[in-house]
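Reader: I should be grateful for a close look at a single part of this model. Please begin with one loop residue and its surroundings, and then set out the strands and cores in a connected account.

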Amino acid sequence: MKGVLDICWIFLLLHTPGVLSLSTHVAVIYPQDPVLRMGSNLTASCWVHPDLGVHASSLFWTLNGQQLPGSLYRVLSPTNLSVTLAGLNASRQTSGDNLVCHNHKGHILAGSCLYVGMPPEKPVNLTCWSRNTKDLTCSWAPGGKGETNISTQYTFKYKLRWYGKEKECEDYTHTQPYSCSITRDLHLFTPYEIWVEASNQLGRATSDVITLDILDVVTTDPPSGVAVSRVGQLEDQLSVRWEAPPALKDFLFQAKYQIRYRLEDSQDWKVMDDVGNQTSCRLAGLRPGTVYFVQVRCNPVGIYGSRKAGIWSEWSHPTAASTPHSERLMSGSCDSKSSGDSNSTLRRELKQFFGWVRKHAYGCSSISMKLYDQWRVLMQKSHKARNQVLQGDKS
């Protein structure tokens, strides 16, 4: 709080003209720098030294630079003027609101900082994760309606469940979302008790205590080496390959992956959930001649036998690739009716075969995709041959 008071006094000294030196003790405001609950009333007094030769009736008050109406004043004595503020609103900033006493020329005689807020409610949404089992990071949110409007301290505490000594985290993020990271002396296969305490000058509150094993909250780095390439001349497919997160290569776990992709000019991602633990997959049903952005993420399921699902990693950096242009679209149509009929037939056959693939394959089945590739190549050759016959008939 001392640092906050210093900020308040610096503001008073630098932003108001004609400041009298505080070392002269020409005036004093009481109470000095009070901390009050929202909605409270405050009566403050400005006492001036008799040697100053200033009568209290000539003084006036300002709050955050705005002069307060004389109806709020009361002359208590020739050297003492009070002001009463009712139903105080929350402080505009954590460094406090500036209540200042001036002489008739506008010079500052004395100042005080008002801290108006609420005691904290118990922190909520306490969530933890471990990056590659090397650390433990937890985040939380203020309880109730949010901030207290005055300086509030959060202390993240933890201990081994049965025999550990209570410890405090040191590496804090002091902006929302609040978080703290423990990067040393962590124990695996042992549950921790974790909680957060919030405190300010109006009160304190403690979150619910959560119990967890680090192995149950592991997340990995994103998969590396993500590569996206064309599948021959198949105009509606792309092949995606990636490498497992290297940090967990010696751990026993069953990785699970997700892929998401979007068009270059769109922000809507389509997610594939059925990739399984493979490190390659085929995207089908894409638009010909179109640029796609692709990302992959990993979930370390059952690490070292944990019974809980892991936590999804961040998505990998987007990787871009384009599908080949369609030969049908580039060559044009020689007979709209015949071409339309053949396209309808091709779409119907594609839909039938793709339905068979989806019914009999799980995730990205390399065997099914191989058969599908062969079938698609034959269909494209057959369609190309039909177009050439139609063009020959017309000529």
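Author: In this predicted model, Asp216 is placed in the loop that lies between strand S18 (210-212) and strand S19 (218-219). Is Asp216 buried or exposed? Asp216 counts as buried because its relative accessibility is 19%, and the cut-off for that class is under 20%. Which residues does Asp216 touch, once those up to four places away in sequence are set aside? The contacts are Ser306, Arg307, Lys308 and Ala309.

The account now turns to the nonpolar cores. The largest of them has 25 residues, and Cys46, Leu59 and Trp61 have the most contacts inside it. At least two residues of this core come from each of strand S1 (27-30), strand S3 (42-48), strand S4 (60-63), strand S7 (80-85), strand S8 (97-102) and strand S9 (108-117). Another core, of 21 residues, lies apart from the largest one; Ile182, Tyr192, Leu212 and Ile214 are among its members. As a general matter, nonpolar side chains in soluble globular proteins tend to be buried together.

Strand S7, one of the contributors to the largest core, merits separate attention. Of the 6 residues in S7, 5 are buried, so that the strand is mostly covered. S3 pairs with S7 in the antiparallel sense, over 6 bridges. Within this pairing, Leu42 has Leu85 of S7 as its bridge partner. S7 is also joined to strand S6 (residues 73-77), by 4 bridges, and these two strands run antiparallel. Here Arg74 has Ser82 of S7 as its bridge partner. The connection from S6 to S7 is a hairpin through 2 residues.

Two other contributors to the largest core, S8 and S9, belong to an open sheet together with S4, S2 and S5. The 5 strands of this sheet follow the order S2-S9-S8-S4-S5, and their pairing is mixed. At the edges are strand S2 (35-37) and strand S5 (66-67), each of which pairs on one side only. S5 has S4 as its antiparallel partner, with 2 bridges between them. In that pair, Leu63 stands opposite Gln66 of S5. S4 thereby appears in two parts of this description: S4 supplies at least two residues of the largest core, and S4 pairs with the edge strand S5.

Notes. Residues are numbered from 1 along each chain as its sequence is written. This is a predicted model: local features need pLDDT of at least 70, side-chain atom pairs count only at pLDDT 80 or more; totals for chains, interfaces and linings use all residues. Side-chain values use heavy atoms; hydrogens and water are left out. A nonpolar core is a set of buried Ala, Val, Leu, Ile, Met, Phe, Trp, Tyr and Cys residues joined through side-chain atoms within 4.5 Å. Buried means under 20% relative accessible area, exposed over 50%, partly exposed in between (1.4 Å probe, protein chains only). Two strands pair if DSSP finds at least two bridges between them. Contact means heavy atoms within 4.5 Å.
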